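Q: I am new to this structure and would like a close look at a single part of it. Could you take me carefully through how two of its helices meet?

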Amino acid sequence: MADRLFDNLLADAKEFFREKFGCEPTVFAAAPGRVNLIGEHTDYNGGYVFPMAIERYTIIAATPTDSDKTTIWTKDCGNKMVPTVAGDFTLSADVAPKDSPDWASYVQGTISCCLRKGATLKSGFNAAIVSNVPLGGGLSSSASLEVSVATLIEELSGHKFEGSEKPLLCVDAEHEYAKMPCGIMDQFISALGQKDCAMLLDCKSEKPEMVPMSDPTVSVLITNSNVKHELTGSEYPERRAACKAVAEALGRKLLREVSMDELLASKDKILAMKNGEIVGETLFKRARHAVGEDVRTLKMKDALVAGDWATVGEQMYASHESLRDDYEVSCKEIDELVEIARSIGPDGGVIGSRITGGGFGGCTVTLVRTDKADEIAKKIAQEYKARVGKDATIFVTRPAQGARVL
Ligand code: ADP
Ligand code: MG
């Protein structure tokens with residue numbers, strides 16, 4: 001199933017290239033989207049995240065030309081965010097970022113950042129991009145685009161980036177050219193993910209650790225609530241500021257450096273604090289999430305390696321409750337999805353479920369028994385429709401291979 005999906009996408013990339021350039025592509029690079037299994041809102045606290053690559057990819061097909069000109073087409077993927085459109089790109093390390101970034105900013109940014117890191121291209125190239133990572137769906141189509149472009153540049157230039165160099169240059173591209181102040185998780189997992197593995201990423205040391213997740217009887221269900229609540233824009237900065245204020249009050253830079261015992265021992269001190277409009281009680285809850293989420297993430301990793309699925313499930317539900325009650329980034333629709341999964345329970349094949357991504361809508365991630373995955377997906381979709389009146393979009397995946405040349 002996953003192989004067929006990939007083969008179809010590759011065929012699509014070839015066809016699209018031929019249609020636009022009238023010749024055969026000769027070089028191909030692919031990079032996946034991702035889902036975070038646990039470790040939410042921990043990245044900016046220097047904590048742990050635990051993502052895996054999913055069987056959804058961006059593929060770029062290319063051929064070098066004998067001129068300086070570089071033209072890249074991308075294809076409308078059925079999502080209205082980006083139409084079928086071409087851009088011309090400059091093979092220079094210091095192209096100025098656009099004031100209003102668009103899709104081409106991700107591509108130009110990645111090209112420029114690759115050149116800064118030592119890649120050199122003898123000529124321009126033509127390329128065509130296709131993707132089956134939903135755009136703007138919280139599965140990181142943006143990182144899969146950046147990493148696919150960087151992987152292509154490696155192949156075209158013969159310059160191989162070492163270790164964390166490639167994901168970090170893609171993060172630079174997203175910050176500087178797309179003007180998105182993202183963390184490092186998406187680019188790391190898309191670039192360095194391995195089949196049948198999740199990745200424990202320490203956002204302080206920026207060191208990834210591959211964690212085997214090879215039991216074929218367990219699969220991952222990604223359920224998009226198809227809900228995105230309007231935000232005022234102050235939600236994320238408010239939470240970051242709360243975490244920073246508590247860390248500083250305890251004499252640290254990052255909440256990552258605070259243990260749960262220490263946090264609990266400082267409860268009265270935090271309750272007496274105020275940070276702008278944010279009262280002490282809220283500050284304490286925000287910090288309790290961030291500190292507790294690191295503990296849960298490490299516990300889940302160990303339980304996953306041990307095949308202790310009951311403990312894995314407990315950590316996922318506890319993460320969800322913490323994001324709902326302490327961090328307050330869930331919403332009614334997402335809570336329904338998690339409750340529906342939970343009510344199906346272990347006997348019905350559900351191991352655990354939680355909100356994934358920034359919050360206020362988006363997706364849930366649910367670990368399920370592979371042989372029951374389709375049945376569970378159907379039940380969740382039906383019950384969600386009944387309770388919320390909306391259609392959920394659901395797909396099943398296993399931990400996929402990260403970026404590669406084809
Ligand atoms: P997410 O990464 O969660 O899917 P983002 O808003 O971070 O959502 O990134 C989506 C943006 O990335 C799109 O609006 C577009 O600019 C760019 N993008 C991602 N994939 C493609 C693609 N295949 N072709 C063109 N642009 C893309
Ligand atoms: Mg993104």
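A: Helix 9 passes helix 10 in a left-handed crossing, a term used where the near helix is turned anticlockwise from the far one by less than a right angle; helices here are DSSP runs of H or I with at least four residues, numbered from the N terminus. The model is a predicted one, in which local features need pLDDT of at least 70 and side-chain atom pairs count only at pLDDT 80 or more, while totals for chains, interfaces and linings use all residues. Residues are numbered from 1 along each chain as its sequence is written, chains are lettered from A and ligands numbered from 1 in the order in which they are written, and side-chain values use heavy atoms, with hydrogens and water left out.

Helix 9 covers residues 280-306 and helix 10 residues 309-325, and the two pack at an angle of about 165° with their axes 9 Å apart, the axes being lines fitted to C-alpha atoms over the stretch in contact and the angles running from 0 to 180 degrees between N-to-C directions. That makes helix 9 roughly antiparallel to helix 10, a label for angles over 145 degrees.

On the side of helix 9, the residues that meet helix 10 include Lys-285, His-289, Glu-293 and Arg-296, and among their counterparts in helix 10 are Trp-309, Thr-311, Val-312 and Gln-315, where contact means heavy atoms within 4.5 Å. By class, this contact has eight nonpolar, five polar and five charged residues; Ala, Val, Leu, Ile, Met, Phe, Trp, Tyr, Cys and Pro count as nonpolar, Asp, Glu, Lys and Arg as charged, and the others, Gly among them, as polar.

Elsewhere, an open sheet of four strands has the order 12-13-9-14 with antiparallel pairing, and its twist averages 20° from one strand to the next.

Terms used
Angles under 35 degrees count as roughly parallel, over 145 as roughly antiparallel, 65 to 115 as roughly perpendicular and the rest as oblique. Two strands pair if DSSP finds at least two bridges between them.
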